[in-house]
Amino acid sequence: MSDKLIIFDTTLRDGEQSPGASMTKDEKLRIARQLERLRVDVIEAGFAASSNGDFEAVKAIADVIKESTVCSLARANDRDISRAAEALRGASRARIHTFIATSELHMEKKLRMTREQVLEQARLSIRFARNLRDDIEFSPEDGYRSDPDFLCRVLEAVITEGATTINIPDTVGYAVPELYGQFIRHLRERVPNSDKAVWSVHCHNDLGMAVANSLAGVKLGGARQVECTINGLGERAGNCSLEEVVMAVRTRRDHFGLDVNIDATQIVPASRLVSQTTGFIVQPNKAVVGANAFAHASGIHQDGVLKARDTYEIMRAEDVGWSANKIVLGKLSGRNAFKQRLQELGIELESESDINAAFARFKDLADRKSDIFDEDIIALVGDESVTHEQETYRLLSLEQQSATGERPHARVAFTVGDSEFHAESDGNGPVDASLKAIESKLQTGAEMLLYSVNAITSGSTESQGEVTVRLQHGGRVVNGVGADPDIVVASAKAYLSALNKLHSKNERVAAQG
Ligand code: KIV
Ligand code: ZN
């Protein structure tokens with residue numbers, strides 16, 4: 001059996017199904033590029049048949065990613081599979097991932113199909129897919145709650161038709177490690193042609209065991225692919241977290257005896273990018289990527305680590321991409337130094353004019369903030385004027401007064417296309433007043449689902465504030481992010497950024513639900 005563990009990232013598909021985590025095509029592309037830098041083996045870029053927007057996003061990713069296999073999900077029918085194949089046409093390496101539910105509950109209540117119908121549909125869909133591509137993955141949805149005898153028949157049939165990867169989802173996060181590991185082993189032992197496919201695990205985190213279950217599927221079950229997402233992003237309690245699985249296999253190579261292709265130094269940048277893009281904040285005590293994951297607060301621990309790091313550290317922060325809050329650039333830094341730092345951070349801007357736009361933002365920030373950290377640069381290149389997001393609404397200036405015992409008041413100037421607007425309003429606080437001022441002019445009627453503020457660099461109030469605003473309108477949910485040393489300004493930027501996304505009608509928004 002191979003001693004390589006394939007890392008299949010589904011942040012852009014299963015992760016994105018998380019309510020509120022929908023991403024624009026450009027955002028997905030940016031994350032896909034980071035996943036390629038991270039050297040994941042397979043990027044599940046989306047579900048091409050689910051919407052025209054998702055089709056375009058999968059296609060755009062397939063056209064640019066060269067090192068990782070690009071995959072699209074498809075239901076087990078000819079139309080979905082054809083759409084997936086079409087979106088993947090430009091890919092250097094492509095995979096079609098098709099699925100159909102096999103548990104009694106799903107077949108009877110959701111699909112309203114008999115066992116024999118499901119078996120036949122699975123078989124035909126793999127036959128159809130194999131005419132279009134060689135690399136075909138099959139998932140029996142709700143596989144872990146399926147009758148093992150029936151499941152074995154389905155899996156044998158799809159392998160006979162040419163499925164090259166068999167993925168066993170614990171769709172509702174019901175499994176426990178030992179039983180899930182045994183389940184995978186049992187299937188592999190009973191399906192006569194099981195050695196013709198790579199076996200894969202796909203675990204949801206409803207009981208907080210997605211990582212443990214996936215690792216048991218690998219160790220006890222013999223699976224050689226893990227499906228996971230950055231920061232464990234995903235519906236409900238999320239999916240198996242990529243960073244935890246990868247670092248468990250790396251750190252405990254003595255136990256697992258497996259290699260992964262991942263460049264672990266890209267883990268923290270990937271985590272930050274996904275968190276910033278979706279507005280899903282990483283909890284401080286999250287393994288590997290949480291802000292406290294490598295912080296030693298107790299005196300005994302600090303003393304031990306100073307004497308010998310391995311007294312209390314099983315991984316090194318720098319190995320997973322944490323850099324100390326280094327002052328990297330300042331007011332006097334030139335364009336070349338800035339460009340070089342972008343390269344060191346693995347940030348590729350598409351053209352010289354993008355670099356110029358980012359540099360102008362950097363100079364503007366450096367005028368107001370003495371020390372510029374890596375985190376500031378990462379936030380700055382996410383700005384819409386640097387990326388290719390459509391920018392209809394743009395903040396020009398903001399002025400607000402607040403004093404103890406008085407109702408805050410804000411005046412905001414902004415542009416909509418070529419027209420300039422001035423608006424003012426009171427509010428419960430300066431942020432509320434500023435956003436109400438904008439809304440008083442635009443009257444978008446968008447409902448705010450989330451407002452959150454984060455310090456970009458920890459440990460000082462000199463940090464920039466990063467604000468995420470999630471808006472819902474007309475069945476679409478979008479996230480806007482804004483960064484500025486002044487959190488009221490950051491809030492107005494985030495609000496306008498979300499409105500820009502709502503405004504760009506041709507922009508994709510994921511099917512939610
Ligand atoms: O959880 C699940 O069952 C899935 C499948 C579509 C693979 O995401
Ligand atoms: Zn899933």
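Visitor: Let's start with His202 and His204: are they buried or exposed?
Guide: Happy to begin there, and please keep in mind that this is a predicted model. A residue counts as buried when its relative accessible area is under 20%. His202 falls into that class, and His204 does too, so the answer for both follows from the cut-off: buried.

Visitor: Which residues coordinate the zinc ion (ligand 2), and at what distances?
Guide: Those two histidines come back here, each through its NE2 atom. Asp14 joins them through OD. The zinc ion (ligand 2) is thus held by Asp14, His202 and His204, at 2.0 to 2.1 Å.

Visitor: How are the donor residues of the zinc ion (ligand 2) spaced in sequence?
Guide: The donors are Asp14, His202 and His204. Written as a pattern, with x for the residues in between, the spacing is D-x187-H-x1-H.

Visitor: What closed barrel does the model contain, and by what angle are its neighbouring strands turned on average?
Guide: The barrel has 8 strands in the order S1-S2-S3-S4-S5-S6-S7-S8, and the pairing is parallel. Ignoring direction, its neighbouring strands are turned against each other by an average of 25°.

Visitor: Within that barrel, which residue of S6 is the bridge partner of Phe138?
Guide: Strand S5 covers residues 136-141 and strand S6 covers residues 165-170. They run parallel and are joined by 2 bridges. On the S6 side, the partner of Phe138 is Ile166.

Visitor: Asp142 and Gln443 both have a positive phi; which of them is buried and which exposed?
Guide: Most residues other than glycine have a negative phi. Asp142 has phi near 60° and sits in the loop between S5 and helix H6 (148-160), while Gln443 has phi of about 45° and lies in the loop between helix H16 (430-442) and S14. Accessibility separates the two: Asp142 has a relative value of 1%, so it counts as buried. Gln443, at 62%, counts as exposed.

Visitor: How far apart are the C-alpha atoms of Gln34 and Gln266?
Guide: Gln34 belongs to helix H1 (residues 25-37), and with a relative accessible area of 4% it is buried. Along the chain, Gln34 and Gln266 are 232 residues apart. In space, their C-alpha atoms are separated by 7.7 Å.

Visitor: How many residues of helix H11 are buried?
Guide: Helix H11 takes up residues 267-278 and reaches 17 Å from its first C-alpha to its last, close to the expected 16 Å. Its buried residues include Ile267, Val268, Leu273 and Val274. The helix is mostly covered, with a buried count of 10 of its 12 residues.

Visitor: In helix H14, within what arc do the buried residues fall?
Guide: This helix (residues 352-368) has 17 residues and reaches 25 Å, close to the 24 Å expected. Among its buried residues are Ile355, Phe359, Phe362 and Ala366, whereas Ser353 and Asp367 are exposed on the other side. The buried residues of H14 line one face of the helix, because seen down its axis they fall within an arc of 160°.

Visitor: Which strands are the edges of the open sheet of 3 strands?
Guide: The order in this sheet is S14-S15-S16, with antiparallel pairing. An edge strand here pairs on one side only. That description fits S14 (447-455) and S16 (476-484).

Visitor: How many bridges join S15 to S16?
Guide: S15 spans residues 465-473 and is antiparallel to S16. Among the partners are Val469 with Gly480 and Gln472 with Val477. The hairpin of these strands has 2 residues between them, and Gly474 takes a positive phi near 55° there. For S15 and S16, the number of bridges is 9.

Visitor: And on the S14 side, which residue of S15 is the bridge partner of Ser452?
Guide: S14 and S15 run antiparallel and are joined by 8 bridges. S15 is mostly covered, with 7 of its 9 residues buried. The partner of Ser452 in S15 is Thr468.

Visitor: Finally, what distance separates the centres of domain 2 and domain 3?
Guide: The domain assignment gives domain 1 (6-278), domain 2 (294-320), domain 3 (327-381) and domain 4 (393-503). Taken over C-alpha atoms, the distance between the centres of domain 2 and domain 3 is 31 Å.

Note on methods: Residues numbered from 1 in each chain as written. Chains lettered and ligands numbered in written order. Predicted model: local features only at pLDDT ≥ 70, side-chain atom pairs only at ≥ 80, totals over all residues. Heavy atoms only, no water. Helix = DSSP H or I, 4+ residues; strand = E, 2+ residues; numbered from the N terminus. Expected span 1.5 Å × (residues − 1). Buried < 20%, exposed > 50% of the residue type's maximum accessible area, 1.4 Å probe, protein only. Arc of directions from axis to C-beta. Pairing = 2+ DSSP bridges. Donors = N, O, S within 2.8 Å, 3.2 Å for Na, K, Ca; no water. Domains from an automatic or database assignment. Axes fitted to C-alpha atoms, helices over the stretch in contact; angles between N-to-C directions.
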